[in-house]
Amino acid sequence: MGKTGADLPVIIGQAGPLNGERWLINDAVTIGRDDTCGVVVPDRQVSRFHARLLVKDEGVMLEDLGSKNGTFYEGKRVDGPIYIQDGGLIQIALVQNFVFLSSDSTMPLGQGLLPVEPMGGRLFLDVRSRRVWIDSDEIVPPLSVPQFRLLHTLYEHRGQVVSRDDLVNVIWGEDESEGVSEEALDALVRRLRDRLTAIDADHAYIVTVRGHGLRLDNSLE
């Protein structure tokens, strides 16, 4: 028995000319500027036939088709065919982003793909599509992977203080965290604060609790 539409993998356009649109991946889909592509990105920086997604028994594979400006997955340029993971971020020539979901049935409902579990504060996020809103304003372009991991960790702890060591382990992974300096975390926090301030300069979302760590202030006041 074949898969139903709700069981098929899907990509959702983000932060580009195709923002909010979605495509089911039944077998294979080509992304590019040419009108014959399954996903047409109308931008001169995108090659005519830029990248392709293939459904395999092992999962969904992403490959670059020799594009001039590159295909990126989770911020790294795709040099050969790779398998992509649920929630992964695909970038086409850095002008169009797509989030990959392994099943359309797990996609957030609603025309604007609003977050599934808003926390009751002014800031809310959707983990699967890795999108963040402050009130009704979405943060565009999307946060980088480290920035989102930092924000998501604080968001999950609902205002509790998270130690710097725990944040480093989550953001960079336990295997890599030993080489991460205090300055690297401080720089990441500063960049994330700048992104949040660009939307709402009147509220300090990330609070430093000296000697303990960081917490998220997501109050409505």
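**Exercise 1.** In this predicted model, find how many of the six residues of strand 11 (residues 96–101) are buried, and say what follows for the strand's surroundings.

*Solution.* Begin with the count: six of the six residues of strand 11 are buried, so the strand is largely enclosed by the rest of the structure. Next, sort the side chains by direction, which shows Gln-96, Phe-98 and Phe-100 pointing one way, while Asn-97, Val-99 and Leu-101 point the other way. This can be set beside a general pattern, namely that in a regular strand the side chains alternate between the two faces of the sheet.

**Exercise 2.** Determine which strands pair with strand 11, and in what sense they run.

*Solution.* Take strand 1 (residues 10–14), which runs antiparallel to strand 11 and is joined to it by five bridges; here Val-10 has Leu-101 as its bridge partner. Then turn to strand 10 (residues 89–92), whose pairing with strand 11 is also antiparallel and extends over four bridges, with Leu-89 standing opposite Val-99. Finally, look at the hairpin of strand 10 and strand 11, where three residues lie between the strands and Ala-93 takes a positive phi near 55°.

**Exercise 3.** Work out which residues of helix 2 are buried, and where they lie around the helix axis.

*Solution.* The buried residues include Leu-167, Val-168 and Ile-171. Viewed down the axis, the buried residues of helix 2 fall within an arc of 100°, so they line one face of the helix. As a last step, identify what this face meets: the buried residues pack against helix 1, helix 3 and strand 16. Just after helix 2 comes Gly-173, with a positive phi near 85°.

Notes. Residues numbered from 1 in each chain as written. Predicted model: local features only at pLDDT ≥ 70, side-chain atom pairs only at ≥ 80, totals over all residues. Heavy atoms only, no water. Buried < 20%, exposed > 50% of the residue type's maximum accessible area, 1.4 Å probe, protein only. Helix = DSSP H or I, 4+ residues; strand = E, 2+ residues; numbered from the N terminus. Arc of directions from axis to C-beta. Contact = heavy atoms within 4.5 Å. Pairing = 2+ DSSP bridges.
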